[in-house]
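User: Please look closely at one part of this model, and explain how its surroundings are built and how far the prediction can be read there.

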Amino acid sequence: MGQGGEPRRAQAYDGELGAAVTLAQQGDETAFAVAYRIVQPGLLGYLRGLVGDDAEDVAADAWLEIARDLGRFKGDGAGFRGWTATIARHRALDHLRRRRVRPQAAPLEPDVLDLPGPHSTHDQALESLSTERALDLIRALPPDQAEAVLLRVVVGLDGPAAARVLGKRPGAVRTAAHRGLRRIARQLGVDGPAAGGVTDDGPRKPGEST
């Protein structure tokens, strides 16, 4: 994460994802594989933040449900990411209820956090860190802030989509993500009056003023 070059953005693949989903709904297995390849890294990263080392098993259950109900989905690529995150979260909560333990975080794959959400001074600071250091900071956040940051930065959802996944008001999720990223930025010494919060604006180019 943040090691040379502009990070890959989930939103950059939404056109390709939407097309793949449409074809997959028509029975194209190759297209379903493309959709899986685009969505899985962020989805698995999100689940690792919820269920730790059991993330791959929970993700497998989620994908079985996604494949089963694919014909019912209506929307574009961004909507598909939100829909799959909702299914994954439900499977994660079911898993946690069965285990009756608090969510446990586990290491992510090195490229998972190369799928950030909309740019701000705060999440740019997060991108500049190594994956392990960034995860340490996210894990230390209050649960509501950590999950909001995971959905915004790891899965790449915008505020309204993240709110739908969590069943909360968009303003509450934006505030939680903003506070989480501000807390991280403050620890890194980059927070200040001019620092921008999490917004639903499009990505800005490196060096572009906020």
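Analyst: W83 is partly exposed, with a relative accessible area of 21%; because buried means under 20% and exposed means over 50%, this value falls in between. The residue belongs to helix 4, and this is a predicted model, so the description that follows concerns computed geometry. Leaving aside neighbours within four places in sequence, W83 is in contact with I66, D69, L70 and F73. For I66, the C-alpha atom is separated from that of W83 by 8.7 Å, although the two residues are 17 apart along the chain.

The next residue along, T84, also has its place in helix 4, but T84 is buried, with a relative accessible area of 0%. Not counting residues up to four places away in sequence, T84 touches V39, L43 and I66. I66 thus appears in the contacts of W83 and in those of T84.

These contacts with I66 belong to the packing of two helices. W83 and T84 are among the residues of helix 4 that meet helix 3, together with F80, I87, A88, R91, A92 and H95, while helix 3 contributes V58, D61, A62, E65, I66 and D69. By class, this contact between helix 3 and helix 4 has eight nonpolar, two polar and four charged residues. The axes of helix 3 (residues 55-69) and helix 4 (residues 77-99) come within 9 Å and cross at roughly 130°. That makes helix 3 oblique to helix 4, because an angle above 115 degrees but not over 145 counts neither as roughly perpendicular nor as roughly antiparallel. In handedness, the crossing of helix 3 past helix 4 is right-handed.

Helix 4 also packs with helix 1 (residues 14-24), at an angle of about 75° and with the axes 7 Å apart, and these two helices are therefore roughly perpendicular to each other. On the helix 1 side the residues that take part are D14, L17, G18 and V21, and they meet G77, A78, F80 and R81 of helix 4. The classes in this contact are four nonpolar, two polar and two charged residues. F80 is found in the contact with helix 1 as well as in the contact with helix 3.

Helix 4 has a further role in the packing, as part of what covers helix 8. The cover over the buried residues of helix 8 includes helix 4, along with helix 2 (29-51), helix 7 (143-155) and helix 9 (170-188). Six of the eight residues of helix 8 (residues 159-166) are buried, so helix 8 is largely enclosed by the rest of the structure; the buried residues are G159, A161, A162, A163, V165 and L166. As for helix 9, its axis lies 8 Å from that of helix 8, and the two pack at an angle of about 105°. That makes helix 8 roughly perpendicular to helix 9. The residues that meet are G159, P160, A162, A163 and L166 in helix 8 and P170, V173 and R174 in helix 9, and by class they are six nonpolar, one polar and one charged.

Helix 4 is set in a protein with nine helices and zero strands. Of the 210 residues, 48% count as buried, and residues 24 or more positions apart account for 72% of the contacts with a separation of 6 or more. One pair that is distant in sequence is L137 and Q187, which are 50 residues apart along the chain but have C-alpha atoms separated by 8.7 Å. L137 has its place in helix 6 (residues 131-139), and at 2% relative accessibility L137 counts as buried.

How far the prediction can be read depends on the region. The mean pLDDT of the protein is 77, and 69% of its residues reach 70 or more. Among the elements, helix 3, a partner of helix 4, has the highest mean pLDDT (95), whereas helix 5 (residues 121-127) has the lowest (56). Over residues 1-8 the pLDDT is below 50, and this stretch has 26 contacts in the model beyond near neighbours in sequence. Residues 110-119 likewise stay under 50, and the model has 52 contacts for them beyond four places in sequence.

Definitions and conventions
Residues numbered from 1 in each chain as written. Predicted model: local features only at pLDDT ≥ 70, side-chain atom pairs only at ≥ 80, totals over all residues. Heavy atoms only, no water. Axes fitted to C-alpha atoms, helices over the stretch in contact; angles between N-to-C directions. Helix = DSSP H or I, 4+ residues; strand = E, 2+ residues; numbered from the N terminus. Parallel < 35°, antiparallel > 145°, perpendicular 65-115°, else oblique. Left-handed = near helix turned anticlockwise from the far one by under 90°. Contact = heavy atoms within 4.5 Å. Nonpolar A, V, L, I, M, F, W, Y, C, P; charged D, E, K, R; others polar. pLDDT = per-residue confidence, 0-100. Buried < 20%, exposed > 50% of the residue type's maximum accessible area, 1.4 Å probe, protein only.
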